[in-house]
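Me: I have a model open and want to go through some helix packing and charge pairs. Can we take it step by step?

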Amino acid sequence: MDYKLYSVREILLQLGHLEKDLQASEDTMDVYVTISQLNGGIEGIQLASVVTYRLAKLKRIKTKTVVNGKMKYDIYHLNDAAQYILERNLFLDEVKKGNLLTFDKILRYFGNTGKDYLGSKYIEHFKKFDKKNLLKLILLGERIYPFPKTFFFVTGESFNKFIEEYMSIQEAMNELGVSRNIFFRDFPGEIINLFNERYNYRFIKRNDLSLFQRKVRVYTSGYKRKTVSNNSTVSYRVVTTTKSHINNKLNIACVSKKVTKTTLSISIENLEKTLKNYHIVPISSANYIAQIDLDFLVTEQSKQIDDYSALYILSNEIKEKYNISHAGKKFKWILPPPLICVKRANLDWSGTKFLYLKTDITQYLEYKQNKKAIRLDSNQTGLIYSTVDSQLFHSFLTIIDQLNISFSNDSQETKAFWYKYVERKLAKSSANAETKSADVSKLLKITELFIRHTADKEIFSYSINELNLLFFNDMIQISYQQEIRFFLSTIKKALLKKGIDLKISNLRYDPSTVNDKSTDKDIYSIENYIQLLDYVGNIKLHKLNAINDIRNFKSNYYHYSSSWLYVLLHLNNAWRHYDVTLFPRIDLNHTKISSLEWLQANEISREDAQRIVAQIKSMNLIHSKTGKIRYFFCSDELLLPFANAAAICELRCRLYEPFSDCLIDFKSNANASRIFKIRSKKRFFFNMIENLNFESLKMNRTIISYMYNVIKKVTNRNPLEITKFIRSHSDEEVNNIYLILTQEHLDFLTRQLFNTGHFGYIYDLLGEILFNDSPLELEEKASRSLILKDTFGDIFHVERMAGLLRALLNERTSVSNILNELHPEKTKSLLNLIKLGQQPAKEDGYQCIFTKCKYPEKSCGKCQCSIPNIYALSKLGIVLNKRIEEYKQKFDTGLIGDRTRIANLLYSELSQLKEAINKFGEHVVSEFLEGGIETLREKLSLLPSGIQNLTMK
């Protein structure tokens with residue numbers, strides 16, 4: 001049955017309003033006003049800007065464009081605005097009076113205290129009542145705040161007539177004072193259902209109540225049996241109510257209700273319900289029952305406990321056995337019969353205990369296992385993450401098959417349209433692997449939606465109103481609504497050929513109303529940033545909370561350790577939320593950290609913390625969106641907090657998530673594993689004095705803004721590569737955020753965000769020049785830095801290499817002369833630029849003292865003018881291993897020129913590695929070398945002497 005769309009005016013006329021009452025004042029007929037005038041209010045006519053814009057777009061309010069010099073703006077017809085306000089106020093007044101009722105209000109009248117029932121299936125039930133002339137429905141066809149564009153109302157007149165003529169079964173049972181079993185057994189009249197979930201929504205005619213007659217039964221020595229919903233059977237006694245029986249003149253053996261309650265281990269309330277359910281009539285002033293009835297109940301209780309235990313499981317058992325929380329939101333439940341609401345040492349079904357079918361749990365676990373298997377398979381085969389388009393669609397179909405879901409025979413055209421759309425979308429995708437995976441997940445969810453709602457008919461067979469109710473409501477994610485709307489738009493032409501005109505423009509989803517959060521430029525203040533640093537740096541507080549939380553992993557778990565690490569990473573690194581949640585596992589074998597128990601009793605040493613940080617820096621991290629290198633930085637203030645958080649997460653993974661590749665895990669289900677949920681956020685920030693709402697994007701914007709401002713203030717020029725060690729952002733994101741920073745804050749932020757680990761002769765030399773070391777001292781230090789014997793052994797017989805060392809020293813002296821000739825201010829500026837990562841270079845991990853390369857034929861690693869940072873060590877370690885192998889191969893068989901070249905390169909690279917060891921320590925540098933420093937020393941000790949091959953020209 002299709003419903004006519006009524007305007008507000010038409011509905012008001014139906015409710016008895018006169019035309020003259022619906023006319024706005026004629027004084028405003030030809031007047032136009034600005035948006036600010038309407039917003040501020042004119043003679044009782046006031047509209048919010050957003051409402052005015054929407055009404056103008058819907059052509060409810062006429063507009064004119066006014067040009068005033070260079071300014072151009074719209075003005076709005078005042079009478080149209082007044083007309084809308086008049087109609088809206090009259091309409092809302094009718095709703096308030098009860099002349100128009102929402103479905104929610106009707107359901108609440110009959111006792112609903114839970115969530116709103118605006119789902120499509122309930123609307124269909126109300127429509128059936130309309131067809132039976134029990135209620136009258138009116139469909140509002142225009143937007144009127146707070147109701148959507150299309151919305152059903154029930155007329156108050158029809159509802160009042162309904163409740164005068166009908167009563168709910170619950171009301172009837174209360175009036176008669178009988179149980180539902182007796183009511184359904186003895187009531188002969190017609191029952192009409194709004195829906196079957198509760199007796200409040202099932203009705204009988206009030207006049208039919210007199211038809212109810214309680215039937216009288218006679219005692220028998222046997223029992224009858226009846227089938228119940230779980231296909232098992234229960235017995236019941238058939239009894240009578242006679243005066244002689246009640247007075248116990250038949251001399252029947254009796255037991256008191258107190259003894260009966262204790263024997264059955266149920267409450268007195270459940271005993272009374274049980275007696276009613278089995279039609280057992282009390283004896284002697286209603287305080288006793290027959291012994292034969294108690295014997296029957298004991299036998300029946302034992303049988304029912306066995307039957308229900310085989311079929312059902314309690315919610316707390318689901319949590320303990322399967323680690324499934326919130327079972328009531330996932331599965332249908334029943335309350336146990338009062339006879340088996342027992343409380344014993346080995347069984348407690350008392351109170352409000354919900355029972356869930358074990359078959360439902362099994363099916364759910366199989367479904368989850370299928371999804372897990374699909375994820376594992378996709379990781380192994382690369383189907384979902386594959387860049388091959390045909391494989392991407394194939395993986396989509398594979399998952400559909402493995403989830404064991406399919407379109408019905410009545411929706412095969414929908415299936416064909418949808419699968420063709422999905423195939424084309426995935427084929428055209430040029431996104432990165434993670435985005436493709438997210439797209440596939442979204443398309444799978446929409447597929448499940450389509451399958452669920454097209455069981456009986458094709459998607460295009462629904463009316464626009466029905467599509468709005470099914471797919472374009474608050475329960476469906478906006479991104480899903482966007483995709484569905486675009487899909488329907490793409491099949492519109494094909495449907496026209498079939499004679500179906502799908503009015504896409506009438507769909508409730510409006511792309512122009514989607515909030516654009518990208519325009520938000522808010523950042524945290526420097527005071528908030530320092531407060532956050534202080535809070536996350538409280539090792540004593542967070543370590544204890546994180547460890548205790550892990551001990552509750554299978555019960556009341558808050559993901560505290562993941563929250564700590566997540567927030568810590570944001571404070572030094574402007575990484576996207578997704579990249580933060582992919583933070584990799586770490587190896588604790590080279591540290592003293594062995595278990596959560598050890599960590600709770602001991603403190604992590606600074607050396608072990610540096611090992612952990614160096615291990616992360618040695619990894620090849622990539623920005624998921626851009627594919628560029630993702631540098632990791634940890635300031636000195638956060639070194640120990642970070643090491644503790646990372647270690648706790650690693651130990652948690654070893655215990656409960658051994659197959660996870662990532663340390664951070666917020667999951668409550670597969671799709672929510674990377675969402676920092678409100679529950680976890682509230683628990684982590686519970687002890688923070690100031691209520692600060694932590695947001696990933698806002699913290700990213702804060703870090704980038706701080707970096708931009710620090711570079712601008714310290715160097716007095718625009719940043720060249722502000723994103724070099726962070727991520728790709730446009731200058732527009734930070735240029736318009738100007739910060740007033742004190743020198744103290746400037747120094748603090750520089751320590752937090754820019755200590756990128758530079759080392760080497762030039763970097764040290766710049767500092768020494770600023771501290772006025774004499775040329776003789778500088779030369780002595782430079783010469784000493786070239787001696788490798790104390791670090792790697794005397795493989796080159798350095799004491800006999802005065803010529804070689806002098807050649808290397810001359811090369812460095814030439815650079816020293818250039819730097820010494822600089823004005824002190826320029827020297828300080830160059831050092832600041834290097835610290836802030838603003839000097840250019842041809843290769844990652846290096847910076848140059850020149851803004852334009854002087855030696856384009858040289859690599860940065862071999863150039864005397866380059867300044868390496870700690871990220872260059874991973875590449876240096878790989879180069880050294882290759883050089884050692886090359887050295888061994890060429891020593892006996894190679895040409896003298898090749899041997900000389902390799903020996904010189906090896907010596908130069910080892911000298912660079914030594915400078916890193918002098919700066920960071922062996923324990924840090926070892927993390928960047930395969931096998932560590934000792935393995936390198938062992939390889940070097942096996943090399944033949946290369947002194948005769950060394951030369952520097």
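Me: Is the crossing of helix 25 and helix 29 left-handed or right-handed?

Reply: This is a predicted model, so local features need pLDDT of at least 70 and side-chain atom pairs 80 or more, while totals for chains, interfaces and linings use all residues. Residues are numbered from 1 along each chain as its sequence is written, and side-chain values use heavy atoms, without hydrogens and water. Handedness depends on how the near helix is turned from the far one by less than a right angle: anticlockwise is left-handed, clockwise right-handed. For helix 25 and helix 29, the crossing is left-handed.

Me: At what angle do helix 25 and helix 29 pack?

Reply: Helix 25 covers residues 560-572 and helix 29 residues 639-656, with axes 9 Å apart. Angles under 35 degrees count as roughly parallel, over 145 as roughly antiparallel, 65 to 115 as roughly perpendicular and the rest as oblique. Helix 25 and helix 29 are therefore oblique. Their packing angle is about 140°.

Me: Which residue forms a salt bridge with aspartate 307?

Reply: A salt bridge needs a side-chain nitrogen of Lys or Arg within 4 Å of a carboxyl oxygen of Asp or Glu. Here the closest N and O atoms are 2.8 Å apart. The two residues sit four apart in helix 13, separated by about one helical turn. The partner of aspartate 307 is lysine 303.

Me: How many residues apart in sequence are the parts tied together by lysine 498 and glutamate 413?

Reply: Their side chains meet in a salt bridge at 2.7 Å, N to O. Lysine 498 lies in the loop between helix 22 and helix 23, and glutamate 413 in helix 18, so the pair ties together parts separated by 85 residues.

Methods. Axes are lines fitted to C-alpha atoms, for helices over the stretch in contact, and angles run from 0 to 180 degrees between N-to-C directions.
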